[in-house]
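Student: I would like to learn how to read the packing features of a model like this one. Where should we begin?

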Amino acid sequence: MSSDFTYAASGVDIDAGERAVTLMRAAVERTNRPEVVGGLGGFAGLFALDTAKYRAPLLASSTDGVGTKIALARQLDRHDTVGIDLVAMVVDDLVACGAEPLFLQDYVACGRVVPERIAAIVTGIATGCQQAGAALVGGETAEHGDLMDADEYDLAATAVGVVEADAVLGPERVRAGDAVVAMASSGFHSNGYSLVRRVVDRAGLDLSATPAGLDRPLGDVLLEPTRIYARDCLALVEELGVETVHAYAHITGGGLAGNTVRVLPDGLAAELDRGSWALPAAVRLLEEHGVPRTESERAFNCGVGMVAAVAAEQADRAVALLTARGVPAWVAGTVTQAASAATPPEVTLHGDYR
């Protein structure tokens, strides 16, 4: 029989896949919660939801990926942080409605299984799950040797969370007069990287160099993993209650205005003051190389990764609680009444950044 007609010769190395699982096993097991049943190796992840803990539980789910930030990880041959990005993109969407992330499953598609690289990726995912308090109950690594280049890979994940039906956060809770509390981002997070990479390429920026205004090499800045806000947002609700914390908006593609408007009902608007925070130096660098401010504010988070609509009288307390948990936070604006109850929601930014 010809040795050409083997799975390995076709681009799928089963042995390498099994070695990758062995390398990642310890990291995955560190994410276990008491509700996890079984471990790696089964055909499905099992999670024993204790329904006695809840009055009327709603399951929430979110699916996302990392996008073209992966191209930078490949360029720099650093694969241990994009997994954190992956977790952040799904769990921070879950917490926007007030849901506690329970468990996550990942999907890694690659051109060739390099066990150490796959283990680094999944270890990053496990790190993110630990930061979020979610269990990594399983996943899939698919080798697509005839579709993808050998060093090419892509990531996706789905997370499931739970929230009480009467504690769901969102537009219906937001009121005129609410304060908009901003939470600092850790960098570009996982959005806008097609534009970032285009500027880096066209401007000939050296990823190993430290441009003026930055305190470390540009590649390090661009690979900084996404901040995971899930536990901090849940702690804020636990401390202040849903009568005070009305909504969260995860600032991803579309920018600050484009995502904040999603948690406003008709008849309300939000006014945000750019002067309440400093535009990150890395964003300014890209603007110096041709990105218009209007485009920055649509493609990037510009320094704000999450916002909360909070009853105004508790805004200072919310800021203090978040700051004490290590999340820089500040009051960035106010929810206002629109011209009429039928007016579509709108978010405006005024002033200039510090």
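Tutor: Begin with a cut-off for helix angles: under 35 degrees counts as roughly parallel, over 145 as roughly antiparallel, 65 to 115 as roughly perpendicular, and the rest as oblique. Keep in mind that this is a predicted model.

Student: Which values describe a pair of packed helices?

Tutor: Two packed helices are described by the angle between their axes and by the distance between those axes. Here, helix H3 (residues 82–94) packs against helix H4 (residues 115–132) at an angle of about 40°, and their axes are 6 Å apart. H3 and H4 are therefore oblique to each other. The crossing of H3 past H4 is right-handed.

Student: Which residues of H3 and H4 meet?

Tutor: From H3 come Gly-83, Ile-84, Leu-86, Val-87 and Val-91. On the H4 side they meet Ile-121, Gly-124, Ile-125, Thr-127, Gly-128, Cys-129, Gln-131 and Ala-132. Sorted by class, this contact has eight nonpolar, five polar and no charged residues.

Student: Now the sheets. How do strands of a sheet pair?

Tutor: Strands pair through backbone hydrogen bonds, in a parallel or an antiparallel sense. One open sheet in this model has four strands, ordered E3-E6-E4-E5, with mixed pairing. Its edge strands, each paired on one side only, are E3 (57–65) and E5 (135–143). On average, neighbouring strands of this sheet are turned by 15° against each other, direction ignored.

Student: How many bridges join E4 to E6, and in which sense do these strands run?

Tutor: Strand E4 (residues 100–110) and strand E6 (residues 153–164) run antiparallel and are joined by 10 bridges. As one partner pair, Pro-101 is bridged to Gly-161 in E6.

Student: What is the strand order in the sheet of six strands?

Tutor: That open sheet has the order E8-E10-E7-E11-E9-E12, and its pairing is mixed. The edges are E8 and strand E12 (346–350), each of which pairs on one side only. Neighbouring strands here are turned by 25° against each other on average, direction ignored. Within the sheet, E7 and strand E11 (residues 329–337) pair in the antiparallel sense over five bridges.

Student: Can you follow one residue of E7 through these features?

Tutor: Take Ala-182, which lies in strand E7. The bridge partner of Ala-182 in E11 is Trp-330. At 1% relative accessibility, Ala-182 counts as buried, because the cut-off for that class is under 20%. Setting aside neighbours within four places in sequence, Ala-182 is in contact with Val-304, Met-306, Val-307, Pro-328, Ala-329, Trp-330 and Ala-332. Separation in sequence can also be set beside separation in space: Ala-182 and Gly-333 are 151 residues apart in sequence, and their C-alpha atoms are 8.5 Å apart.

Student: Which strands does H7 lie across, and which does H11?

Tutor: H7 lies across E7, E8 and E10 and runs at about 170° to E8. H11 lies across E7, E10 and E11, running at about 150° to E11.

Student: Which residues of H7 are buried, and what do they pack against?

Tutor: In helix H7 (residues 230–240), the buried residues are Ala-230, Asp-232, Cys-233, Leu-236, Val-237 and Leu-240. They pack against H3, E4, strand E7 (179–184), strand E8 (245–250), strand E10 (304–310) and helix H11 (315–324). Just after H7, Gly-241 takes a positive phi of about 85°.

Student: Which residues other than glycine have a positive phi?

Tutor: Among them are His-189, with a phi of about 60°, and Cys-302, with a phi near 55°. His-189 is placed in the loop between E7 and helix H5 (193–203), whereas Cys-302 lies in the loop between helix H10 (293–299) and E10. His-189 is buried, with a relative accessible area of 1%. Cys-302 is buried as well, with a value of 3%.

Student: As a last case, is Glu-287 buried or exposed?

Tutor: Glu-287, in helix H9 (residues 281–288), is buried, with a relative accessible area of 17%. Not counting residues up to four places away in sequence, Glu-287 touches Leu-279, Arg-293 and Ser-296.

Methods. Residues numbered from 1 in each chain as written. Predicted model: local features only at pLDDT ≥ 70, side-chain atom pairs only at ≥ 80, totals over all residues. Heavy atoms only, no water. Pairing = 2+ DSSP bridges. Helix = DSSP H or I, 4+ residues; strand = E, 2+ residues; numbered from the N terminus. Axes fitted to C-alpha atoms, helices over the stretch in contact; angles between N-to-C directions. Left-handed = near helix turned anticlockwise from the far one by under 90°. Contact = heavy atoms within 4.5 Å. Nonpolar A, V, L, I, M, F, W, Y, C, P; charged D, E, K, R; others polar. Buried < 20%, exposed > 50% of the residue type's maximum accessible area, 1.4 Å probe, protein only.
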